[in-house]
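Visitor: I would like to learn how to read a protein model feature by feature. Could you take me through one, giving the general idea before the particular case?

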Amino acid sequence: KSTFASQLVCSALSQNYNCFMYSGELPDYWVKSWIDGQIYGQQNLTNSQIKECEDWYRGRLYIYSNEIIDNDETDDLLAALTDTIIKKDIKFAVLDNLMTAIDAGTNELLYRKQSEFVGKLAKIAKAYEMVIVLVAHPRKSKVEFDNDEVSGSADITNRVDVVMSYDKDPQRGDDIRVLKITKNRISGKLD
């Protein structure tokens, strides 16, 4: 899911959209290295290859440093996202992932915070006419994915316009991935 999300960022950059990326699991310099490798098509790049990547996305890719988060991570992330959208004309953002963006004690509080966070992201996306991809992991179950299988608040998929699932294809082997649209409020097409 993280690899696919960063591939979406690379695609958006290639279409000349300014992008914002947050990873709650990786420091910003690892995210940058991962993006560079995807842009160039290989890992372990030379200094000149890294410079070529940096020159290509300079002024268009903004990676949030998760090391600057203070007490209320959610508010810091939303403020940084909104500020960057306004100042840098961001049209595509990836937040990877929901569970790392929100910290709460009890499940009831966590679910409420998740619902509020996703609701705020949906409002930001509409207000600034942009796309925000939020990575959320499925529950650990053996059933085929549906919108109720997202780990956390059941309200997460209710508050967004499009839900995609991305996973291995059990019928075709571990090397094949399948992207499914399981909710599409925009056009209604599911494919």
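Guide: We will go from the overall layout to the sheet, the cores, the cysteines and a few backbone details, keeping in mind throughout that this is a predicted model.

Visitor: How many helices and strands does the chain have, and in what order do the elements run?

Guide: The chain has six helices and six strands, and from the N terminus on they follow the order α-β-α-α-β-α-β-α-α-β-β-β. Of contacts between residues at least 6 apart in sequence, 59% join residues at least 24 apart, and 37% of the 191 residues count as buried. The exposed area of the chain is about 11,300 Å², of which carbon and sulfur atoms supply 49%.

Visitor: Which strands form the open sheet, and is the pairing parallel or antiparallel?

Guide: Four strands take part, in the order β2-β1-β3-β4, and the pairing is parallel. The edges are β2 (61-63) and β4 (131-135), each of which pairs on one side only, while the twist from one strand to the next averages 10 degrees. If you look at the pair β3 and β4, you will find five bridges joining them, with L95 standing opposite L134 in β4. Across these two strands lies α6, which runs at about 160 degrees to β4.

Visitor: What should I look for in the interior, and which residues have the most contacts inside the largest nonpolar core?

Guide: As a general idea, nonpolar side chains in soluble globular proteins tend to be buried together. Here the largest nonpolar core has 22 residues, and those with the most contacts inside it are F20, L77, L81, L95, F117, M130 and I132. Two or more residues each come from β1 (18-23), α4 (73-88), β3 (90-96), α5 (98-101) and α6 (107-127), and the largest share, six residues, is that of α6. Apart from this core lies another, of 17 residues, including A5, L13, C19 and V94. For a closer view of one member of the 22-residue core, take M130: beyond its neighbours within four places in sequence, M130 is in contact with I85, I90, K91, F92, A93, I124 and A125.

Visitor: Why is C10 not bonded to C19, the cysteine with the closest sulfur?

Guide: A disulfide requires two cysteine sulfur atoms within 2.5 Å, whereas the sulfur of C10 is 8.6 Å from that of C19, so the two are too far apart for a bond. The count of disulfides by this rule is zero. Both cysteines are nevertheless buried, C10 with a relative accessible area of 12% and C19 at 0%.

Visitor: Which backbone details deserve a second look, and where is the peptide bond that is cis?

Guide: The background is that most residues other than glycine have a negative phi, and most peptide bonds are trans. In this model the bond from D96 to N97 is cis, with omega near 15 degrees, and N97 lies in the loop between β3 and α5. Then there is N16, whose phi is positive, near 65 degrees, although the residue is not a glycine. N16 sits in the loop between α1 (2-14) and β1, and counts as exposed at 61% relative accessibility.

Visitor: What is the phi of E129, and is that residue buried or exposed?

Guide: E129, likewise not a glycine, has a positive phi of about 45 degrees; the residue belongs to the loop between α6 and β4 and is exposed, with a relative accessible area of 67%.

Key:
Residues are numbered from 1 along each chain as its sequence is written. This is a predicted model: local features need pLDDT of at least 70, side-chain atom pairs count only at pLDDT 80 or more; totals for chains, interfaces and linings use all residues. Side-chain values use heavy atoms; hydrogens and water are left out. Buried means under 20% relative accessible area, exposed over 50%, partly exposed in between (1.4 Å probe, protein chains only). Contact means heavy atoms within 4.5 Å. Accessible areas come from the Shrake-Rupley method with a 1.4 Å probe; for residues, only the protein chains shown count as cover. A nonpolar core is a set of buried Ala, Val, Leu, Ile, Met, Phe, Trp, Tyr and Cys residues joined through side-chain atoms within 4.5 Å. Two strands pair if DSSP finds at least two bridges between them. Axes are lines fitted to C-alpha atoms, for helices over the stretch in contact, and angles run from 0 to 180 degrees between N-to-C directions.
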